[in-house]
Amino acid sequence: MATDQKHEKHHQINRTVAILGTGNMGTSLLQGIVKAGLTPAKKIIAVDLNAEKLRMLGEQWHVRTGDNLQTAVHEAEIVLLCVKPMTIPKVLREIKTAMRDDHLVISIAAGVRIAFLQDMIGRKIGIVRTMPNIASTVDEGATAIAYGENVTEVQKKIAEAIFNAVGETVTVAEEQLDAVTGLSGSGPAYIYMVIEALIDGGVKMGLARDIATRLAIQTVLGSAKLVKTSGLHPAILRDQVTTPGGTAINAIHELESHGLRSMLINAVATATRRSEELSKMLNQG
């Protein structure tokens, strides 16, 4: 399979990878690994209860598939835990006997702490906890990575390569992952609401909905890209489109008077606190 330009410069890991759970994120990581050429497709084992999903993945990406967790983990060197947080204890109990000291475990399960995973596995292995977001499905994800104390430098590079294949990564302390969840994990939902509101604003002022939709989407996409590529602070870019007495400054005044900035800050804070609450619930017992 040809490697596209976006994935040309990723480092190869050349390891056998077991992806436990092929929902949206599991499938995105599988695709990213294959497209980036991180490891041969024959070294990827996708595991799920959905036989039809596995059949489609096998046909499209030429990876190995199966429904036996223990067999996949036994053959793998890297285990990607892509199941729902509440399912983690059941999965770990099932694969515990297949785990080895040289395994690297990477979890995307929100709120499930490294210490909890370590206790469930029962041996000191490399454990990486991550918080990706839904944009990983289009290779534009934002992923925060936290490392357990037993993770080697080589394993850190492997984890970064996997998530760099579907977007960008940052390294944080584990205690910061709740804030990451509030910002980039939940953040797409905030942006979708902004896009929806912009579309409705355009419709209100007489634009056809399809035209308003195209304009709103491209405006958000282009604005984000300009911030990223220019390296300028968003406030500087905002000033560049805000002329004295013009339309933008009047609109900004309206947004400020209704507390848009405070609402978004509070949204991140509220989502962070909820993430902390859920984390405490998941890690009890």
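## Strand β7 and its neighbours

In this predicted model, strand β7 covers residues 141–147, and six of its seven residues are buried, so the strand is largely enclosed by the rest of the structure. On one hand β7 pairs with strand β6 (residues 126–131) in the antiparallel sense, over four bridges. Within that pairing, Arg 129 has Ala 146 of β7 as its bridge partner.

β7 also pairs with strand β8 (residues 167–171), here in the parallel sense and over five bridges. Ile 145 is bridged to Thr 171 of β8. Between β7 and β8 the chain passes through helix α6 (residues 153–164), and the resulting β-α-β crossover is right-handed.

## Nonpolar cores

How many residues does the largest nonpolar core have, and which of them have the most contacts inside it? This core has 33 residues, and those with the most contacts inside it are Leu 29, Leu 30, Ile 106 and Ile 162. At least two residues each are supplied by β1, α1 (24–36), β2 (44–47), α2 (51–61), β4, β5 (104–107), β7 and α6. Helix α1 gives the largest share, six residues.

Leu 29 is in contact with Leu 80, Cys 82, Ile 108, Ile 162, Phe 163 and Val 166, when neighbours within four places in sequence are left aside. A second core, separate from the one around Leu 29, has 28 residues. Among them are Val 47, Val 105, Ile 114 and Leu 282.

## Helix α4

Helix α4 runs over residues 88–95, and its buried residues are Ile 88, Pro 89, Val 91, Leu 92 and Ile 95. These residues lie on the same side of α4, because they cover an arc of only 165° around the axis. In general, an α-helix has 3.6 residues a turn, so residues three or four places apart point the same way.

Lys 90 and Arg 93, on the other side of α4, are exposed. The buried residues of α4 are covered by elements that include β1 (17–20), α3 (69–75), β4 (78–81) and α5 (114–121).

## Ser 184 in helix α7

Is Ser 184 buried or exposed? Ser 184 has a relative accessible area of 18%, which is under the 20% limit, so this residue counts as buried. Ser 184 sits in helix α7 (residues 177–185). Apart from residues up to four places away in sequence, Ser 184 touches Asn 133 and Ala 142.

## Whole chain

The chain contains twelve helices and eight strands. Of its 285 residues, 41% are buried. The C-alpha trace spans about 70 × 45 × 35 Å along the principal axes. Among contacts with a separation of 6 or more, 67% are between residues 24 or more positions apart.

## Confidence

Mean pLDDT for the chain is 94, with 96% of the residues reaching 70 or more. Over residues 1–8, pLDDT stays under 50. For residues 1–8 the model has 15 contacts beyond four places in sequence. Where pLDDT is low, the predicted coordinates should not be read in detail.

How values were computed:
Residues numbered from 1 in each chain as written. Predicted model: local features only at pLDDT ≥ 70, side-chain atom pairs only at ≥ 80, totals over all residues. Heavy atoms only, no water. Buried < 20%, exposed > 50% of the residue type's maximum accessible area, 1.4 Å probe, protein only. Arc of directions from axis to C-beta. Contact = heavy atoms within 4.5 Å. Pairing = 2+ DSSP bridges. Right-handed = clockwise from strand over helix to strand, strands pointing away. Core = buried A, V, L, I, M, F, W, Y, C linked by side-chain atoms within 4.5 Å. pLDDT = per-residue confidence, 0-100.
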